[in-house]
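User: Hi! I'd like to get to know this chain before I go back to the bench. Can you walk me through it?

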Amino acid sequence: MTASPTPTTAEELRGAGLRVTAARVALLETVRDGDHLGVEAIASGVRDRVGHISLQAVYEALHALTAAGLVRRIEPAGHPARFEGRVGDNHHHIVCRSCGTVVDVDCAVGEAPCLTAADDLGFAIDEAEVVYWGVCPGCSTGRSS
């Protein structure tokens with residue numbers, strides 16, 4: 001029994017019903033290779049791969065990829081939106097109050113939603129989004145020295 005081959009980025013875009021363009025392929029790969037990137041960093045990564053792309057085109061592609069479920073948008077309070085390629089699970093994030101670093105943290109239980117509301121008020125809750133705040137090890141070390 002052989003494992004099925006991993007789909008290419010182009011195949012994933014087609015499978016999500018999106019038109020395949022060099023910019024979309026580069027953008028999705030940039031997000032997946034990055035670590036909770038902001039729009040400017042994504043635009044820079046795409047430009048490194050395919051040449052010029054407008055910021056508006058990056059925003060439009062991010063919107064399409066997010067709507068298709070290929071990219072996840074996170075918006076920690078007081079910070080610009082960040083994008084990540086880890087989708088399809090119910091993980092959360094830790095944000096450093098000092099430098100703004102964002103890192104993934106697995107759900108406490110592992111199933112969506114991993115938290116149960118005291119009263120769902122009639123909603124069919126399917127996801128819990130948690131953001132932990134603190135100071136990262138690098139910033140903690142800087143403060144103590």
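User: Let's start with H2. Which residues are buried in H2?

Analyst: Happy to help. Bear in mind that this is a predicted model. In H2, the buried residues are Arg24, Val25, Ala26, Leu27, Leu28, Thr30 and Val31.

User: What do the buried residues of H2 pack against?

Analyst: They pack against H1, H3, H4 and S2.

User: And how far does H2 reach from its first C-alpha to its last?

Analyst: H2 has 12 residues and reaches 16 Å, close to the 16 Å expected at 1.5 Å a residue.

User: Good. Let me step back a bit. How many helices and strands are there in the chain?

Analyst: The chain has 5 helices and 5 strands. Reading from the N terminus, the order is α-α-α-α-β-β-β-β-β-α.

User: What about overall dimensions and burial?

Analyst: Taken along the principal axes, the C-alpha atoms fill a box of roughly 45 × 45 × 40 Å. Of the 145 residues, 33% count as buried. The accessible surface is about 8,900 Å², and 52% of that belongs to carbon and sulfur atoms.

User: Which residues have the most contacts inside the largest nonpolar core?

Analyst: Those are Leu27, Ile42, Val58, Leu62, Leu65 and Phe83, in a core of 22 residues. The elements giving two or more residues to this core are H2 (22–33), H3 (39–50) and H4 (55–67).

User: Phe83 catches my eye. What is Phe83 in contact with?

Analyst: Leaving aside its neighbours within four places in sequence, Phe83 is in contact with Val31, His36, Leu37, Val39, Ile42, Leu62, Thr66, Val71, Arg72 and Arg73.

User: His36 is on that list. Where does His36 lie?

Analyst: His36 lies in the loop between H2 and H3. Its phi is near 55 degrees, a positive value in a residue other than glycine.

User: Is His36 buried or exposed?

Analyst: His36 counts as buried because its relative accessibility is 5%, and the cut-off for buried is under 20%.

User: Any other non-glycine with a positive phi?

Analyst: Leu121 has a positive phi of about 50 degrees, although it is not a glycine. Leu121 sits in the loop between S4 and S5 (131–134). With a relative accessible area of 65%, Leu121 is exposed.

User: Back to H4, then. Which residues of H4 are buried?

Analyst: The buried ones are Val58, Ala61, Leu62, Ala64 and Leu65. They cover an arc of only 165 degrees around the axis, so they are on the same side of H4.

User: And what does the face turned away from the buried side carry?

Analyst: That face of H4 carries the exposed residues His63 and Ala67. On the buried side, H4 packs against H1 (9–15), H2, H3 and S2.

User: What follows H4?

Analyst: H4 is followed by Gly69, whose phi is positive, near 80 degrees.

User: Changing topic: how many salt bridges does a search of the whole structure find?

Analyst: The search finds 8 salt bridges. One of them joins the side chains of Glu29 and Arg49, at 3.5 Å from N to O. This pair links distant parts of the chain, with Glu29 in H2 and Arg49 in H3, 20 residues apart.

User: How open are those two to the surface?

Analyst: Glu29 is partly exposed at 28% relative accessibility, and Arg49 is partly exposed with a relative accessible area of 39%.

User: Is there a salt bridge with buried partners?

Analyst: Yes, the side chains of Arg72 and Glu84 meet in a salt bridge at 3.8 Å, N to O. Arg72 lies in S1 (residues 72–74) and Glu84 in S2 (residues 82–84), so the pair ties together parts that are 12 residues apart in sequence. Arg72 is buried, and so is Glu84.

User: Which residues are linked in a network of salt bridges?

Analyst: Arg86, Asp89, Asp104 and Asp106 are linked in that way. The side chains of Arg86 and Asp104 meet at 3.6 Å, N to O. Arg86 is in the loop between S2 and S3 (92–96), while Asp104 is in S4 (residues 102–105), 18 residues apart. Arg86 is partly exposed at 27% relative accessibility, and Asp104 is partly exposed at 29%.

Key. Residues numbered from 1 in each chain as written. Predicted model: local features only at pLDDT ≥ 70, side-chain atom pairs only at ≥ 80, totals over all residues. Heavy atoms only, no water. Core = buried A, V, L, I, M, F, W, Y, C linked by side-chain atoms within 4.5 Å. Buried < 20%, exposed > 50% of the residue type's maximum accessible area, 1.4 Å probe, protein only. Helix = DSSP H or I, 4+ residues; strand = E, 2+ residues; numbered from the N terminus. Contact = heavy atoms within 4.5 Å. Salt bridge = Lys/Arg side-chain N within 4 Å of Asp/Glu carboxyl O. Arc of directions from axis to C-beta. Areas by Shrake-Rupley, 256 points an atom, 1.4 Å probe, with all protein chains shown as cover. Expected span 1.5 Å × (residues − 1).
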